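Thanks for making the time, everyone. I would like to walk you through the places where protein and DNA meet in this model, taking the two strands in turn.

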Protein chains: 2
Amino acid sequence: MRASDRAYSTLRTDIIDWRLAPGDILAEVEQSARLGVSRTPLREALSRLVAEGLATTNTGRGVVVSEISLEAVTDLFDARIPLECAAVRIAARRGDPAVFAPLAEEFACAGPLIDGDGDSDGQAAYYGLVARLDHAIDEAAANPYLLQAQKPIRTHLARVRRLARDNPIRLLHSAHEHEQIARALADGNAELAEAAMRVHLHRSLQHLTTPSHAGHGAALHP
Amino acid sequence: MRASDRAYSTLRTDIIDWRLAPGDILAEVEQSARLGVSRTPLREALSRLVAEGLATTNTGRGVVVSEISLEAVTDLFDARIPLECAAVRIAARRGDPAVFAPLAEEFACAGPLIDGDGDSDGQAAYYGLVARLDHAIDEAAANPYLLQAQKPIRTHLARVRRLARDNPIRLLHSAHEHEQIARALADGNAELAEAAMRVHLHRSLQHLTTPSHAGHGAALHP
DNA sequence: GCCGCGACCTTTGTATACATTGGATGGTGG
DNA sequence: CCACCATCCAATGTATACAAAGGTCGCGGC
């Protein structure tokens with residue numbers, strides 16, 4: 001793997017996981033020393049982060065980690081909802097039903113996975129299942145432009161998710177919503193799939209903007 | 001202006017205007033010599049082009065101008081339509097009516113601008129008017145994530161537009177459609193604005209995919 | 001004559017040295 | 001005492017030199 005790739009993925013993970021907070025300055029010499037690469041590949045990594053929206057260039061001051069907060073999540077979903085709905089609609093038309101039927105079954109059986117004893121293990125497995133459905137939708141939609149538009153949105157979403165941890169109750173609901181989406185896709189029912197996706201996204205947004213989940217970010221800003 | 005910015009905008013324009021055709025190899029030494037910059041800023045320009053989707057990296061072969069054709073325009077609009085509709089819907093809610101009313105008037109009076117004697121001059125002025133409306137919508141929507149998702153789509157769209165020149169009749173229809181959008185926005189009518197936008201985009205797509213306009217691209221590939 | 005292997009060469013990836021710009025700080029004048 | 005300007009410094013922007021990797025061409029063997 002190239003040095004610039006390593007620098008990029010390390011910085012990207014650091015930002016998404018809030019080890020690098022908004023406003024933090026990514027000085028070239030400092031970061032190149034920290035990551036053990038030269039300034040040239042680091043600059044390439046930084047420019048990729050800027051293109052992705054995870055950082056912004058302050059003229060003369062280098063690049064800083066871009067601001068984001070739970071307040072931005074509404075704007076984020078205003079862009080996300082139409083994109084995901086469009087994707088799922090196309091996927092229902094073009095996709096192979098045989099791909100989505102097993103996924104629907106998995107979501108139907110995901111209950112024990114979520115509130116089992118090995119908590120974090122089960123949650124990780126569930127998140128993996130969600131990722132597989134997302135990937136199957138991307139494959140079925142087979143639209144590179146749609147994917148390109150969704151990519152930065154998903155990156156930002158991953159970042160705000162860390163501010164509001166999902167609880168088991170929400171995850172159970174989420175599994176049910178995902179099952180509905182997968183079943184509609186397996187049936188090739190575009191209208192139903194879009195509606196189910198819309199329901200899921202609205203519920204997710206509602207959960208994220210519920211104030212009871214805010215406030216543990218204080219630990220990240222001592 | 002920085003050398004990397006100059007290299008980026010020059011290459012970007014060259015690709016959009018089809019001076020650099022899909023499949024063309026952007027060798028670092030060759031392009032840096034052509035643009036009169038060193039390899040370092042050129043690499044930054046290339047990585048920006050890759051992030052934008054105008055070029056792709058072929059391992060070991062450098063970066064090549066990405067493929068695009070009129071066949072891709074349907075996929076492009078599958079991503080564009082939901083985004084523009086979402087933007088116009090939000091703009092109708094948040095926007096200032098005083099901004100859009102004059103724009104609607106301008107579109108209403110755009111007829112002579114289009115099929116006047118100074119053909120290309122008038123068309124350029126009309127395209128500028130369209131750009132102003134787009135910008136006003138972006139400002140009114142005030143959603144950076146939506147804008148970020150739209151940016152690559154618009155870039156690709158500019159590229160395919162060069163394959164199918166607009167004719168005066170289509171432009172007159174386009175002006176009328178834009179007028180409808182602007183009026184709905186001035187009235188703060190989100191539903192109507194979205195519908196008008198949807199009409200406009202479907203008509204545009206229909207025009208672009210009408211086969212009578214293909215075929216002058218042969219001059220670009222001798 | 002065709003396939004495979006190897007060497008050469010072109011091209012990209014990386015590092016470092018140098019130039020330049022923007023900012024901060026301290027001093028001076030009003 | 002405040003404000004403005006000049007100087008210094010640190011950080012980025014750029015260029016070039018070097019290394020590594022992949023591709024292509026040619027030669028030899030089958």
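Which helix of chain A gives the most to the surface near DNA strand C? Bearing in mind that this is a predicted model, the answer is helix 3 of chain A, which contributes three residues.

Let me stay with strand C for a moment. There are 14 residues around DNA strand C, and A:Arg2, A:Ala3, A:Ser38, A:Thr40 and B:Arg39 are the ones that come nearest. Of the strand's atoms that come within 4 Å of the protein, sugar and phosphate make up 55%. Looking at individual contacts, A:Arg2 places a polar side-chain atom 2.7 Å from a phosphate oxygen of DNA strand C, whereas A:Ala3 uses a polar backbone atom, 2.4 Å from a phosphate oxygen of that strand. A:Ser38 also uses its backbone, with an N or O atom 2.7 Å from a phosphate oxygen of DNA strand C. By class, the residues of this surface are four nonpolar, four polar and six charged.

Now to DNA strand D, which has 15 residues around it, with A:Arg43, B:Arg2, B:Ala3, B:Ser38 and B:Thr40 coming nearest. Here helix 3 of chain B gives the most to the surface, again as three residues. A side-chain N or O atom of A:Arg43 is 2.8 Å from a phosphate oxygen of DNA strand D, while the backbone of B:Ala3 has an N or O atom 2.4 Å from a phosphate oxygen of the strand, and a polar backbone atom of B:Ser38 lies 2.7 Å from a phosphate oxygen of DNA strand D. The surface near this strand has five nonpolar, four polar and six charged residues.

Notes. Residues numbered from 1 in each chain as written. Chains lettered and ligands numbered in written order. Predicted model: local features only at pLDDT ≥ 70, side-chain atom pairs only at ≥ 80, totals over all residues. Heavy atoms only, no water. Near = heavy atom within 4 Å. Polar contact = N/O pair within 3.5 Å; in protein donor to acceptor, adjacent residues only side chain to side chain. Helix = DSSP H or I, 4+ residues; strand = E, 2+ residues; numbered from the N terminus. Nonpolar A, V, L, I, M, F, W, Y, C, P; charged D, E, K, R; others polar.
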